[in-house]
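Reader: Hello! I am new to this structure and would love a close look at a single part of it. Could you pick a spot where aromatic rings meet and walk me slowly through it and what lies around it?

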Amino acid sequence: MPHGVGARFFNSLDSTNIKATELATTGDKGPVWLVAGTQDAGRGRQGRVWTSKPGNLYTSLLFAPHIKPVDAGALPFITALAVRETFVGLGLENEQVQCKWPNDILINHKKASGILIESSAGSNGYLDHVIIGIGMNLLHSPTDAAFKATSFFEETKKTVEVRDALQLLAHNMKKRLDSWIVGQFEPIGREWTENAWGLGEKREIRTTRDTFEGTLLGLDSHGGLKISVPTGEEQTIYAADIFPSLSGN
């Protein structure tokens, strides 16, 4: 592991994010990676179940950056780039791995990783701690996912040890967090955009209240997704799920 960063391994947990929250409440703020062989209550965004059979990487990074809540908006993009870099480092071609807004990583246009970030604000206006939960499909993928899924093995026919993937991910995350200039989103957004899925193309957009089609234009200065709807109007969305367009591009 990177210098100064710990790691704890568990055969099974309800959820690595839950374990990280428990640690944080005891005053342990890391930095530490918590890794589970399986999860009984793995979670994705909006409370969705994250299937957690053995062979994939299920992990959470608990740490306490000295940042304000408004600054945390860059973390999903920093993490997505680190996960993408990890898949490439394990042997995938650069163009095979893309970032899908807001916090998924695709291999050959199929979901191979998801990110769930949780944080707690302190009384001084800064975050008390941050938990970055990451699931990487190394060996298998769910067959019932809303967005078609895949795994590193399914795309390469090669196996990778969970510990090897964790080591690479931990180094990539530390490198990116160490070089992060808080408040400067532009370089992060630019790199994410260069490796993004679906920009300039029509996609189906599902919010909590509506489903519609639009052309993905890019990120705003805070990480919101700018889109163009069929009327020609431009909008920016901050929470939604993006799917391939059913009507074609």
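**A cluster of rings and its surroundings**

Author: Let us start with Trp192, which has a relative accessible area of 1% and is therefore buried, as the cut-off for that word is under 20%. Please keep in mind that the model you are looking at is predicted.

To see the company that this ring keeps, we can begin with a wider view. Searching the whole structure turns up 4 aromatic pairs. One of them joins Phe77 and Phe185: their ring centres are 5.2 Å apart and their planes stand at 75°, an edge-to-face arrangement. Phe77 belongs to helix 2 (residues 75-90), while Phe185 sits in the loop between helix 4 (162-179) and helix 5 (186-194), so this pair ties together parts of the chain that are 108 residues apart in sequence. Phe77 and Phe185 are both buried.

Now back to Trp192. Its ring forms an aromatic pair with Phe77, again edge-to-face, with 5.6 Å from centre to centre and 80° between the planes. This pair, too, links distant parts of the chain, for Phe77 is in helix 2, Trp192 is in helix 5, and 115 residues separate them. With a relative accessible area of 3%, Phe77 counts as buried, because the limit is under 20%. Put the two pairs together and you have one aromatic cluster, made of Phe77, Phe185 and Trp192.

Next, follow the chain back from Phe185 to helix 4. The 18 residues of this helix should span 26 Å at 1.5 Å a residue, and the C-alpha atoms at its ends are indeed 26 Å apart, so expectation and model agree. Its buried residues are Ala165, Leu166, Leu169, Ala170, Asn172, Met173, Arg176 and Leu177. What do they pack against? Their partners include helix 2 and helix 5, the two helices that hold Phe77 and Trp192. The buried residues of helix 4 also pack against strand 1 (6-13), strand 2 (32-39), strand 3 (57-63) and strand 7.

Among those strands, strand 3 deserves a pause. 7 of its 7 residues are buried, and both of its faces are covered. On one side you will find Leu57, Thr59, Leu61 and Phe63, and on the other Tyr58, Ser60 and Leu62. Strand 3 pairs with strand 2 in the antiparallel sense over 5 bridges, and there Val35 stands opposite Thr59. Strand 3 also pairs with strand 7, again in the antiparallel sense, over 7 bridges. Look for Leu62, whose bridge partner in strand 7 is Ile131.

Beyond strand 7 (127-136), the loop that leads to helix 3 (152-156) holds His140. This residue is buried, with a relative accessible area of 14%. Setting aside neighbours within four places in sequence, the contacts of His140 include Tyr58, one of the buried residues of strand 3. Pro54 is in contact with His140 as well, and the His140 side chain reaches the Pro54 backbone oxygen at 2.7 Å.

To finish, here are two other rings to find, each with a lysine over it. The charged end of Lys157 sits over the ring of Phe153, 5.8 Å from the centre. Lys100 lies over the face of Phe243, at 6.0 Å from the ring centre.

Terms used: Residues are numbered from 1 along each chain as its sequence is written. This is a predicted model: local features need pLDDT of at least 70, side-chain atom pairs count only at pLDDT 80 or more; totals for chains, interfaces and linings use all residues. Side-chain values use heavy atoms; hydrogens and water are left out. Rings of Phe, Tyr and Trp (its six-membered ring) pair if their centres lie within 6.5 Å; planes under 30 degrees apart count as stacked, over 60 as edge-to-face and the rest as tilted. Helices (H or I, at least four residues) and strands (E, at least two) are DSSP runs, numbered from the N terminus. Buried means under 20% relative accessible area, exposed over 50%, partly exposed in between (1.4 Å probe, protein chains only). A charge sits over a ring if NZ of Lys or CZ of Arg is within 6 Å of the ring centre and within 35 degrees of the ring normal. Contact means heavy atoms within 4.5 Å. A polar contact is a pair of N or O atoms within 3.5 Å; within protein, one must be able to donate a hydrogen and the other to accept it, and residues adjacent in sequence count only if both atoms are side-chain atoms. The expected span of a helix is 1.5 Å times one less than its number of residues. Two strands pair if DSSP finds at least two bridges between them.
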